[in-house]
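Please open the model in your viewer and keep the selection panel at hand. The stops below say what to select next and what is there.

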Amino acid sequence: MSGRPKAELILTESEREQLQALTMRRKTAQALALRARIVLACADGIDNKIVSARLRVTQQTVSKWRARFVAHRLDGLLDAPRPGAPKTINDSHVDAVIAKTLESAPAGETHWSTRTMAREMKISQTAVSRIWRAFGLQPHRQETFKRSGDPLFVDEVRDIVGLYLDPPLKAMVLSVDERSQIQVLDRTQPMPPLAPDIAERRTHDNLRHGATTLFAALDIATGGVIGELHRHHRSSEFLLFLRTIDANVPSDLDVHLVMDNDGTHTAPSIKNWFLRHPRFHVHVTPTPALRNNQIERWFATLTEKYLRRGTHRSTRQLEDAIRNYLDVYDTNPRPFIWSKSADEILACLERWCAPIRKESE
């Protein structure tokens, strides 16, 4: 035989299993998987030339990784340390940046920025950005939340969601609430007409000419809305609205009202009215949990499509505009589709509370 003799390559059972795992694991780097295949083929007694042809690499590559494995075993398949400047930020610096970000705030400010943290820690702004990105820290962002302290939260969620997903037979389920203090707003100057390449413009300030309150009930089955406008937001006006609902719902149907426990809805006169009308069944939403009341989503649509950019010069003009919107909407109502079950909602809330629970422990 010609050429230099090759060192004998014998694998233990443990080494063979680890090499085979590297070739089959999805997350293994392709370069490392190729080196494992080379070693396995050489361990089976296959000549370097045949291994190179089978794996489509050069013979020098096969010789290199065979020799590296013989000398250093599995550690020999890893990349050798690359040349370059030594690290200037060690693990202790990273720990200090993370701790300061989570546990303190700069003087005179509410949160850290990359620049203020860089000055404080005597490192570059780029280094701070990399550390924050690696650990998912975003001090500049802020979100709102509100955890419910209602002791009946779980039962009320299951009750409301059960009505949405499986409404009772021979009954109408209405989501009820009121949008109070709808401002009558007029611009201080006329709005210029819309033009190509020019967005609609309005003055940043406005004139106020009063306010009104919209009482509304959304039929979750059809999307239709029963609406009524009043100048005040009191239990007496809500009682008038209940009578309107009673007149608009067929007498042979039960009425299930989904509403919050606002003082307007819990006054003695309201309770007495419900006692005199047994076909009305009240389902109270958790406190606070506005998203469980579908009428709130309809109010958001009303604001987005009609109120936010509207211009009105009197309360009567605004009320006429809202009545017109109700008439147009009811020509083609569309119900909201409730998709999440109560279990999914409660599981989502549990996932959200898990990090907070761990911190408190």
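Begin by selecting helix α2, residues 30-43, in this predicted model. At 1.5 Å a residue its 14 residues should span 20 Å, and because the C-alpha atoms at its two ends are in fact 20 Å apart, the expected and the computed span agree.

Keep α2 selected and colour it by accessibility, which shows a helix that is mostly covered, with 10 of its 14 residues buried. The buried residues include Leu 32, Ala 33, Arg 35 and Ala 36, and further along the helix Ile 38, Val 39, Leu 40, Ala 41, Cys 42 and Ala 43 are buried as well. To see what covers them, add α1 (13-24), α3 (48-55) and α4 (59-72), against which these buried residues pack. Just after α2, select Gly 45, whose phi is positive at about 85°.

From there move to the loop between α3 and α4, where Arg 56 is found. Most residues other than glycine have a negative phi. Arg 56, however, has a positive phi of about 60° although it is not a glycine, and with a relative accessible area of 80% it is exposed, because that value is over 50%. A second residue to select for its backbone is Gln 181, which lies in strand β1 (residues 171-187) and has a positive phi of about 55° without being a glycine. Gln 181 is likewise exposed, with a relative accessible area of 55%.

Next, turn to the aromatic rings, for which a search of the whole structure finds 11 pairs. Select Tyr 164 and Trp 338, which form a tilted pair with 4.9 Å from centre to centre and 45° between the planes. Tyr 164 belongs to helix α8 (residues 153-165) and Trp 338 to the loop between α12 (315-330) and α13 (342-360), so the pair ties together parts that are 174 residues apart in sequence. Tyr 164 counts as buried at 9% relative accessibility, whereas Trp 338 counts as partly exposed at 22%. Then select Trp 298, Phe 299, Tyr 306, Tyr 325 and Tyr 329 together, since these residues form one aromatic cluster.

Finally, zoom out and colour the chain by its domain assignment, which gives domain 1 (13-77), domain 2 (91-135) and domain 3 (152-192 + 201-345). How many Å separate the centres of domain 1 and domain 3? Taken over C-alpha atoms, the separation of these two centres is 70 Å.

Terms used
Residues are numbered from 1 along each chain as its sequence is written. This is a predicted model: local features need pLDDT of at least 70, side-chain atom pairs count only at pLDDT 80 or more; totals for chains, interfaces and linings use all residues. Side-chain values use heavy atoms; hydrogens and water are left out. Helices (H or I, at least four residues) and strands (E, at least two) are DSSP runs, numbered from the N terminus. The expected span of a helix is 1.5 Å times one less than its number of residues. Buried means under 20% relative accessible area, exposed over 50%, partly exposed in between (1.4 Å probe, protein chains only). Contact means heavy atoms within 4.5 Å. Rings of Phe, Tyr and Trp (its six-membered ring) pair if their centres lie within 6.5 Å; planes under 30 degrees apart count as stacked, over 60 as edge-to-face and the rest as tilted. Domain bounds come from an automatic or database domain assignment.
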